[in-house]
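Here are some notes to read beside the structure. They begin with the chain as a whole and then turn to a ligand.

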Amino acid sequence: MKKEIIVSGMRPTGRLHLGNYHGALKNWVALQDKYKCFFFVADLHALTTAYDRTENIADNCMEMVIDWLTAGIEPEKCTLFIQSHVPQVSELNLLLGMFTPLGWLLRNPSYKEQLVEFFKKKYAGSLPRRSEEKACKEPADGSLTEKVAELTEAELSELSSFGFLGYPVLMATDILIHKALYVPVGQDQTAHLEITRDIARRFKDIYNAEIFVEPKPLFTSVPRVPGLDGRKMSKSYNNTIELGEDVETVRKKIMTMFTDPNKKKATDPGNPEGCVAYAFHKIYNPDFETRCKECRAGSLGCVVCKKQLFELMEPELKKFNERRKTFAADKAAVEKILNADADKARASAQDTLDEVKKAMRL
Ligand code: ADP
Ligand code: TRP
């Protein structure tokens, strides 16, 4: 029987964090035995926001693939490639863009949200003065957030690019071009998957051709990993623990995790819901239910709870760091995999592109 197809990608915007790992990558590893998997580094997607900061993209692509291999992705089982090495993606992106209504993109909930984050990063201080150095350093009073949030739709679209608005079309292309049935991602990608399905349906309606498969998202048991501050863990929020981060830094970060603000003393009863340390106990502590009871009963303080969390996480993090050295020492081998697999990805993409062009009478 033909294996069902899985596609997923990640933008090379820096080292992977525990949100990427527990929210998506862990699933990739679990799925690789059963499905035909295409996993790629979305360097074109990185350009949608970092078009003027391309100096690190190539290095980031390499580091990202090394993280995947370290986490257990086996190149013999999957097709691993860099998005821009498959030019068929750019061609199909153009074709799909022709019939994707602008309204779908403007209404995409992550459009304004991401745009606000993008401008906060880019223009710390006064808008629209550019300051790379001050990037990410928002004034403590939150005035920048307010300022950006106050920008009207029209002002934001004045500042953003065509490529950024088209982010979901490009993502739909990545998925539809290989006819994926499942897309393992975090919960934050749900709206993008919806647009992908809408584009597939619209293509079928307009061209009367059953080429695309409507893909479904696949989530892990932790589809939204919280960051240190309780918001979604994300590079854009500066609240991450990176995979491969040195363990002493991780220990310090864990001690800053957001906890129940009403639990001031160790003996105060706490509410584990919304507590970041507890969310991580749920991931790393097989007996997290006991921890929940202890917290509610006030029989344990947050400092001890966080120390124990670190002890639970430490062996896994150390193992990752050790294992990573082997892959990082042979980048030529990684290049070789990416080159060979790009051929496979191009062939799969070309087949679909041919069908699409025929259906569109091109
Ligand atoms: P970031 O938000 O840090 O830039 P990406 O957007 O590159 O991360 O995400 C890569 C993958 O990891 C996507 O599948 C995304 O849904 C998933 N992911 C990212 N952050 C989280 C999180 N906090 N919880 C669960 N999944 C996440
Ligand atoms: N949008 C995804 C993210 O921010 C990255 C991505 C691009 C992707 N193309 C994709 C994920 C196709 C799954 C399938 O993480």
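1. The surface of the chain comes to about 17,700 Å² of exposed area, and 53% of it is supplied by carbon and sulfur atoms. Please keep in mind that this is a predicted model.

2. The chain has 362 residues, and 48% of them are buried. Here a residue counts as buried when its relative accessible area is under 20%.

3. In secondary structure, the chain has five strands and 16 helices. Of the contacts between residues at least 6 apart in sequence, 78% link residues that are at least 24 apart.

4. Which residues come nearest to ligand 2? They are R11, Y167, M171, D174 and Q189, out of 13 residues around the ligand. By class, the shell has seven nonpolar, four polar and two charged residues.

5. Three side chains can be checked for polar atoms beside a nitrogen atom of ligand 2. For Y167, an N or O atom of the side chain is 2.7 Å from a nitrogen atom of the ligand. D174 places a polar side-chain atom 2.7 Å from a ligand nitrogen, and for Q189 the distance is 2.9 Å.

6. How much of ligand 2 does the protein bury? Taken alone, ligand 2 exposes 370 Å², and the protein buries 92% of that.

7. Two elements, β1 (5–10) and α10 (167–176), each give two or more residues to the shell around ligand 2. The largest share, four residues, comes from α10.

Definitions and conventions: Residues are numbered from 1 along each chain as its sequence is written. Chains are lettered from A and ligands numbered from 1 in the order in which they are written. This is a predicted model: local features need pLDDT of at least 70, side-chain atom pairs count only at pLDDT 80 or more; totals for chains, interfaces and linings use all residues. Side-chain values use heavy atoms; hydrogens and water are left out. A residue is near a molecule or strand if one of its heavy atoms lies within 4 Å of it. A polar contact is a pair of N or O atoms within 3.5 Å; within protein, one must be able to donate a hydrogen and the other to accept it, and residues adjacent in sequence count only if both atoms are side-chain atoms. Accessible areas come from the Shrake-Rupley method with a 1.4 Å probe; for residues, only the protein chains shown count as cover. Ala, Val, Leu, Ile, Met, Phe, Trp, Tyr, Cys and Pro count as nonpolar, Asp, Glu, Lys and Arg as charged, and the others, Gly among them, as polar. Buried means under 20% relative accessible area, exposed over 50%, partly exposed in between (1.4 Å probe, protein chains only). Contact means heavy atoms within 4.5 Å.
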